[in-house]
Amino acid sequence: MTAGAHIPVMASEVVAAIGPRAGGHYVDATFGRGGYSRALLASAPCRVLALDCDPAAEGAAAALGRDCGDRFRFRRARFSEMEDIAADEAFAPADGIAFDLGVSSAQLDDPERGFSFAPGPLDMRMSGEGPSAADLAADLDEHRLADIIRRYGEEPRARRVARAIASARSEAPIRTTDRLAAIVARVVPADGRIHPATRTFQALRIAVNDELGELDLGLEAAERLLAPGGRLAVVSFHSLEDRAVKRFLRERSGDAPGGSRHRPPASSAHPTSFRLLHRRAARPSAAEIAANPRARSARMRAAERLAA
Ligand SMILES: C[S@@+](CC[C@H](N)C(=O)[O-])C[C@H]1O[C@@H](n2cnc3c(N)ncnc32)[C@H](O)[C@@H]1O
């Protein structure tokens, strides 16, 4: 995630984990405003293929293309599509792939995108396509809404929130962020730490963009695309994402709970395809958090592709 001035989070840790080398081919799966792409390109005379589903990323990508010529390619696409795109762009197999999950500060800070509590349309679509958060708030039945808010927002009062949304929309459609925030705030007590609607907004955003489905597909695509010895680095910002990355890497490295470090569990459905670079997630430094408070919840997990 980037701050207002597009400060990429844990960029030096990501570059160190990926270890770019001259002539290598790297994929920045979540271009945003290009912090990781720039850092990778600056670290070695390598090439970078960047993806982002947001049309608003195209301006920064065009600028980087002007600076770096054919060392840099950008495609507007979901990262679940990276294999086909990498093949098309002659980037397969890749020597390293970086993910910086979630929304960018540019998306978060623009009230028109509907990701924050600032008054604006209840949109939340990173790609600008498909059903918006307002559509989900209008169309999902109360049980499904409660399920999404519980599962993706980990909101303990999910049923109450879903009931409040269903009751409010029967009076008038919920089309704005501030109206939704006010509806949720009436049934979720403020704890003084986060806005009462934070978990509900997170849940709708994850559902609108199918973030966890994309993450699973993106990690599997990265596994197939990486060359033996290639590196994967994933920065996540909330526990649901981090758990999915941790589960994937533990399973693929034969380090799933109950397994042995020396012998993958017999029940493992996958050959050991990764070696963890470190067992625990790396955290941003205190200096980075002080300079960019949005970095505080970041976690990076990294692994090296094995030949399997
Ligand atoms: C946290 S930001 C990345 C910031 C970037 N590292 C930088 O330095 O500017 C995440 C970006 O990933 C994009 N994104 C999220 N999910 C995506 C997906 N499934 N496919 C492609 N892009 C995605 C978002 O549109 C957003 O621009």
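## Exercises on backbone, burial and packing

Alanine 90 is exposed, with a relative accessible area of 56%, where exposed means over 50%, buried under 20% and partly exposed in between (1.4 Å probe, protein chains only). The model is predicted, so that local features need pLDDT of at least 70 and side-chain atom pairs count only at pLDDT 80 or more, while totals for chains, interfaces and linings use all residues. Residues are numbered from 1 along each chain as its sequence is written, and side-chain values use heavy atoms, with hydrogens and water left out.

**Exercise 1.** Determine where alanine 90 lies and what the sign of its phi is.

*Solution.* Begin with the location: alanine 90 belongs to the loop between H4 and E4, where helices (H or I, at least four residues) and strands (E, at least two) are DSSP runs numbered from the N terminus. Next, take the backbone: although alanine 90 is not a glycine, its phi is positive, at about 55°. Then continue to proline 93, which lies in the loop between helix H4 (82-88) and strand E4 (94-100). The peptide bond that leads from alanine 92 to proline 93 is cis, with omega near -5°. For background, most residues other than glycine have a negative phi, and most peptide bonds are trans.

**Exercise 2.** Is glutamate 154 buried, exposed or partly exposed, and which helices flank its loop?

*Solution.* Glutamate 154 is found in the loop between H7 and H8, and its phi, near 50°, is a positive value in a residue other than glycine. Its relative accessible area is 36%, and it therefore counts as partly exposed.

**Exercise 3.** Describe how helix H7 and helix H10 pack.

*Solution.* First, the geometry: H7 (residues 142-153) and H10 (residues 198-208) pack at an angle of about 100°, and their axes are 8 Å apart; axes are lines fitted to C-alpha atoms, for helices over the stretch in contact, and angles run from 0 to 180 degrees between N-to-C directions. The two helices are therefore roughly perpendicular to each other, the class for angles of 65 to 115 degrees, whereas those under 35 count as roughly parallel, those over 145 as roughly antiparallel and the rest as oblique. Second, the participants: H7 contributes Leu145, Ile148, Ile149, Tyr152 and Gly153, and H10 contributes Arg199, Thr200, Gln202, Ala203, Leu204, Ile206 and Ala207, with contact meaning heavy atoms within 4.5 Å. Third, the composition: 8 of these residues are nonpolar, 3 polar and 1 charged, where Ala, Val, Leu, Ile, Met, Phe, Trp, Tyr, Cys and Pro count as nonpolar, Asp, Glu, Lys and Arg as charged, and the others, Gly among them, as polar.

**Exercise 4.** Which residues does leucine 180 touch, not counting those up to four places away in sequence?

*Solution.* Place leucine 180 in helix H9 (residues 177-185), and note that at 0% relative accessibility it counts as buried. With residues up to four places away in sequence left out, leucine 180 touches Leu122, Ile165, Ile174, Phe201 and Leu204.

**Exercise 5.** How many disulfides does a search of the whole structure find?

*Solution.* The search finds 0 disulfides, a disulfide being a pair of cysteine sulfur atoms within 2.5 Å. Cysteine 68, for instance, is in no disulfide, as the nearest cysteine sulfur, that of cysteine 46, is 9.3 Å away. Cysteine 53 is buried, with a relative accessible area of 15%.
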